[in-house]
Amino acid sequence: MNKELIPALRSFRKYPVFSLINLGGLSIGIAASFILLIYSQREFSTDRHFKDANRIARIGTDFFHMGPFAISQPQLPLLAKAGCKDVENVTSISIEDKTSVRLSTQERAFNDILPYSIDAEFFTVFSYQASAGSIPQMGLAPGETILSENSAHKFFGNTDPIGKTLLIGKKMTPYKVVAVLKEGFEKSHLEPQLLLPRSTAAPANPNNWMSAALYNYVKLKPQGSIAGLNAWLETLRRKVIYPSSGATISYQEWTASNMAVSFTVQPLTSIYFDNNAKFDTSPGGNLTQVRLLSTISILLILLAIINYINLVTARASIRAKEMGLKKTYGAPRSTLVGQLLKESILFSLLAMLIACGLIQVILFLYQYSTGAALTGPIPFLSANYIWLLFFSLAVGALAGLYPAFYLTGLRPLLTIRSTTTSGMGSNSHIRNGLVTVQFVIATGLVFLSFVVYSQLLYMKNKDKGFQSEGIVLVDNIEGMKDRATTFQQLIEQQSQVASTSICERIPGSKGVAMYSYRTAAMPKPLSIQTFPVDDRYISTIGMHLSDGRDFNRHLASDTNALILNESAVAALGLFNPVGSVINGSEKVIGVVKDFNYASLHEKIGPAILRYSTRPRTLAIRLRGGNTASFLDWLGRASKDFQTEAPTISFLDDNFARLAEKERLLGQAISFFTILAIILATLGLIGLTIFTIERRMKEIGIRKVLGATRSDILNLISSQFIRLAAIASGIALPVSWWLANRWLNNFAYRISINVGTFFLTEALILLIAFAVIGLLTLRALAANPVKNLRTE
Amino acid sequence: MIKISELQKSYRTEEVETIALNRLSFEVKEGEFVSVMGPSGCGKSTLLNILGLLDDPDGGSFLFNGTEVAHFNERKRADLRKRNIGFVFQSFNLIDELTVFENVELPLIYLGVKGPERKQRVEVVLDKMQIMHRRNHYPQQLSGGQQQRVAVARAVVNNPKLILADEPTGNLDSSNGNEVMQLLTDLNEQGTTIVMVTHSEHDARYSHRIIRMLDGQTVTENILV
């Protein structure tokens with residue numbers, strides 16, 4: 001053992017509580033901030049693991065200025081490959097509905113498997129690797145399939161899937177497994193569970209540019225550029241799409257009109273965060289969350305480093321004497337600095353070993369408490385852990401730097417004679433500064449957590465313009481065709497059911513339907529979100545009619561009737577909406593109050609209900625009571641009407657999904673805020689113990705002179721409370737500003753009230769008082785006389 | 001003023017039980033100046049701690065001004081202490097972070113004396129102890145004798161009926177020691193009862209009576225005056 005380190009180890013043994021607090025804090029700090037660094041690094045490098053990732057891009061479309069779609073036209077790939085000089089290769093993926101997979105006709109089906117149908121070029125664009133079997137570089141032959149590792153495990157357990165057959169879909173078409181995709185730690189916006197071959201026959205109608213179905217990816221030539229691709233797409237638009245649209249207006253007018261079709265080219269590496277496109281393959285990342293958690297990771301390690309510095313310099317008197325003596329006997333300062341740095345690095349490496357275990361614990365706790373994995377398991381003994389080593393070394397050096405220079409900078413005589421830390425004034429100023437920084441971090445994070453949670457709560461409880469609670473949706477009932485009404489009647493006979501409605505669109509669902517509307521007074525039509533629904537929709541969903549009447553199936557004229565929301569009334573410029581005629585023959589029969597159909601990020605826009613009995617979704621309003629048994633029955637009953645099981649969900653869940661990113665953000669920030677509070681509390685415990693030890697004699701004297709417990713409590717806590725107050729003065733305005741910036745992303749948001757400030761302050765002070773109070777009372781339980789003997 | 005009878009106190013560690021006071025009895029009258037002497041470990045300090053209500057006896061009786069205080073709770077003891085008793089310690093026990101003025105002011109703060117009155121009382125006592133010119137200095141800026149004068153000032157600022165002094169000259173040279181003893185004598189002459197623990201025969205001669213202790217008991221009592 002290096003002799004220089006022996007005093008450090010002895011000091012560890014001599015002050016076990018102090019040392020354990022320090023080690024615990026550093027371990028938590030290293031573990032938590034390392035997890036967040038890995039998380040951020042993984043998020044930021046999503047899709048970058050594909051070979052030539054920076055040469056791959058996805059072409060999406062925008063129809064009629066409805067906003068970007070992730071999918072584009074089926075004829076685009078062939079044209080792009082043949083016509084665009086920047087493009088090396090093109091692949092298109094078709095992702096349709098979820099399907100079922102069986103191992104044999106007798107065995108039960110694995111439902112809800114989402115297959116990606118790929119063409120021959122897929123693997124030339126995306127460099128997937130196989131963990132079993134081999135990747136067919138020229139694409140899948142008919143009857144072949146490739147599984148993800150996860151799916152392979154799901155279907156086959158631990159047996160080798162290669163060469164085995166799967167029966168896929170309701171027709172139970174056999175497919176032979178030829179490979180299993182290797183799943184690394186890397187993340188991708190593509191999440192294939194099952195790959196199937198797709199025929200690449202030319203589209204039936206190459207002149208139809210109004211229909212998009214495929215996810216089209218291009219790989220650019222090494223010398224190619226996105227700008228070149230965009231220029232080609234613009235030419236295509238002008239030379240091919242505009243003429244085929246049959247528009248009678250000029251090209252410029254057409255591009256601005258509601259008939260325009262345009263393209264959006266997204267570099268592969270930005271798809272994950274730039275995820276506003278409709279029908280995207282995955283929900284995508286949340287840049288705010290990643291940025292926030294990256295910041296929190298820095299704050300967490302800062303907290304841990306501050307704890308280390310504070311706890312080491314707090315005991316300066318003990319170590320300074322050793323340093324003073326060594327200096328007196330001729331040790332150069334550099335040697336002593338080296339010794340102290342070695343100590344802190346050793347300490348940090350020890351903390352790293354504990355952190356290795358803690359990382360797993362924190363990941364588990366995160367998943368357990370939030371229901372979502374933060375990073376997926378960080379593969380052990382991977383390169384990530386080399387980074388952990390470097391990270392810990394850096395933390396050790398950083399944490400040790402100030403104490404090393406501080407302790408070795410004191411005059412030897414002073415430190416040898418000194419029995420207290422008096423005369424080391426500058427040290428306590430710096431320590432107070434660092435404690436204030438800790439309070440700033442804790443206060444800021446608590447405030448932000450409260451704001452995020454208040455907004456989430458607001459989003460959950462906001463009046464959406466209809467009653468979303470207690471509505472069950474049976475989706476994809478198109479297959480029932482004429483029998484849908486019988487199905488509906490059967491359901492209405494159930495005692496738990498209050499009412500039902502057949503419709504094509506439900507608020508909060510993924511689907512988009514926009515129709516053009518124009519009154520006689522309007523120069524050009526307006527695209528408006530449209531909800532084709534039956535005559536029980538308004539009552540079942542619980543919308544509020546503010547004018548006119550609902551649809552009536554017995555009135556033949558209602559097939560041409562419209563019900564507008566208030567925003568649509570305003571957008572169409574109608575003063576007396578009921579009775580107005582739109583599009584020449586469609587009559588407005590009613591007005592409903594505005595309702596949210598998209599996420600609360602978006603302001604409620606115009607929406608129109610039009611009469612339709614085409615079955616797509618059946619909405620069921622429950623009376624309440626025995627929902628579980630009803631859902632059970634519903635699942636079985638719906639299978640009798642349709643081979644492919646319809647999807648059953650709650651309407652509330654649709655909105656919950658729209659707020660999923662916010663929910664995850666809220667959980668992430670509160671989880672790591674709790675960790676930050678734990679770290680800051682550990683530091684506070686250490687410093688309070690130290691302060692009490694240092695002031696033990698003073699406490700004794702004051703008690704002898706008549707001080708009560710509360711006088712002593714006041715004495716010890718006042719210094720920390722003062723720092724907490726200064727910290728709040730800094731943290732609250734900054735976090736208020738940050739919180740407002742975040743809230744500005746929402747069309748419907750809370751305004752931060754005084755209560756949030758008050759609650760934050762109360763929580764921080766409560767924790768500080770609890771820590772200081774308990775430790776002080778513990779110290780006071782000792783006889784004050786003993787305190788006077790500590791000299 | 002003080003009457004203790006059959007007072008017992010012992011300390012236990014895991015292995016040994018040490019009897020500090022063994023059925024100790026004596027009386028101190030109001031206005032008396034009593035020295036307690038004896039070898040180290042004979043129980044002098046324990047006795048002083050009990051007299052100062054800083055520690056509980058295990059058994060026996062302790063009458064303070066006729067009231068049994070042996071089993072007072074912490075709050076009552078603190079209250080009695082701050083109103084009636086002043087302490088002078090060998091190691092001065094001044095608070096390093098407070099000035100001379102603030103150290104002397106402390107007992108008055110805990111007594112709830114208002115600011116202006118406090119200031120006046122502290123100044124009177126600092127003047128009396130001839131330490132007024134050092135009022136804004138910190139303890140570590142003073143000599144040992146000056147520090148003990150501050151400690152005495154602090155002990156008397158609340159006009160206690162009793163001063164307990166634990167080797168008040170132990171850390172002082174002879175001239176400073178004599179000065180402190182003269183201060184205590186003056187206080188006693190003005191009516192304050194003093195119980196002083198000391199190893200010094202010289203200091204003990206300032207008192208009226210010496211109680212000599214051995215193994216937790218009184219062995220002799222010498223009356224000097």
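A salt bridge is a side-chain nitrogen of Lys or Arg within 4 Å of a carboxyl oxygen of Asp or Glu. Keep that in mind for the first view of this predicted model.

**View 1. One salt bridge links chain B and chain A.** The count between these two chains is one, and here it is: A:Arg694 pairs with B:Glu97. Their closest N and O atoms sit 3.8 Å apart, so the pair falls within the 4 Å limit.

**View 2. Chain B meets chain A.** Zoom out a little, and you'll find 20 residues of chain B in contact with 17 residues of chain A. The area buried between the two chains is about 1,700 Å², with carbon and sulfur atoms giving 54% of that. On the chain B side, look for B:Leu54, B:Asn93 and B:Tyr110: these lose the most area to chain A, together 32% of what that side buries.

**View 3. The largest nonpolar core has 109 residues.** Good places to start are A:Ile30, A:Leu300, A:Phe439 and A:Phe672, the residues with the most contacts inside this core. Helix α20 of chain A (residues 660-694) hands over the largest share, 16 residues. Domain 1 (1-45 + 285-423) and domain 3 (438-460 + 657-791) of chain A both chip in residues, so the core lies between them.

**View 4. A:Leu300 and its contacts.** Setting aside neighbours within four places in sequence, who touches A:Leu300? The partners are A:Gly29, A:Ala32, A:Ser33, A:Leu36, A:Phe672, A:Leu675, A:Ala676 and A:Leu679. There is also a second, separate core of 52 residues, and A:Ala70, A:Cys84, A:Val87 and A:Leu268 are among its members.

**View 5. Two chain B residues with positive phi.** Neither B:Glu6 nor B:Arg23 is a glycine, yet phi is about 55 degrees in B:Glu6 and near 50 degrees in B:Arg23. B:Glu6 belongs to strand β1 (residues 2-12) of chain B, while B:Arg23 is found in strand β2 (residues 17-28) of that chain. Are they buried or exposed? B:Glu6 is partly exposed, at a relative accessible area of 38%, and B:Arg23 is partly exposed too, at 48%.

**View 6. Where chain A is predicted with more or less confidence.** Chain A averages a pLDDT of 86, and 94% of its residues score at least 70. Over residues 417-425 the pLDDT is below 50, although this stretch has 14 contacts in the model beyond near neighbours in sequence. Where pLDDT is low, the predicted coordinates shouldn't be read in detail. Among the helices and strands, confidence is lowest in helix α13 (residues 412-417), at a mean of 55, and highest in strand β11 (residues 215-220), at 96.

Notes. Residues numbered from 1 in each chain as written. Chains lettered and ligands numbered in written order. Predicted model: local features only at pLDDT ≥ 70, side-chain atom pairs only at ≥ 80, totals over all residues. Heavy atoms only, no water. pLDDT = per-residue confidence, 0-100. Helix = DSSP H or I, 4+ residues; strand = E, 2+ residues; numbered from the N terminus. Contact = heavy atoms within 4.5 Å. Core = buried A, V, L, I, M, F, W, Y, C linked by side-chain atoms within 4.5 Å. Buried < 20%, exposed > 50% of the residue type's maximum accessible area, 1.4 Å probe, protein only. Domains from an automatic or database assignment. Buried area = accessible area lost by both parts, 1.4 Å probe.
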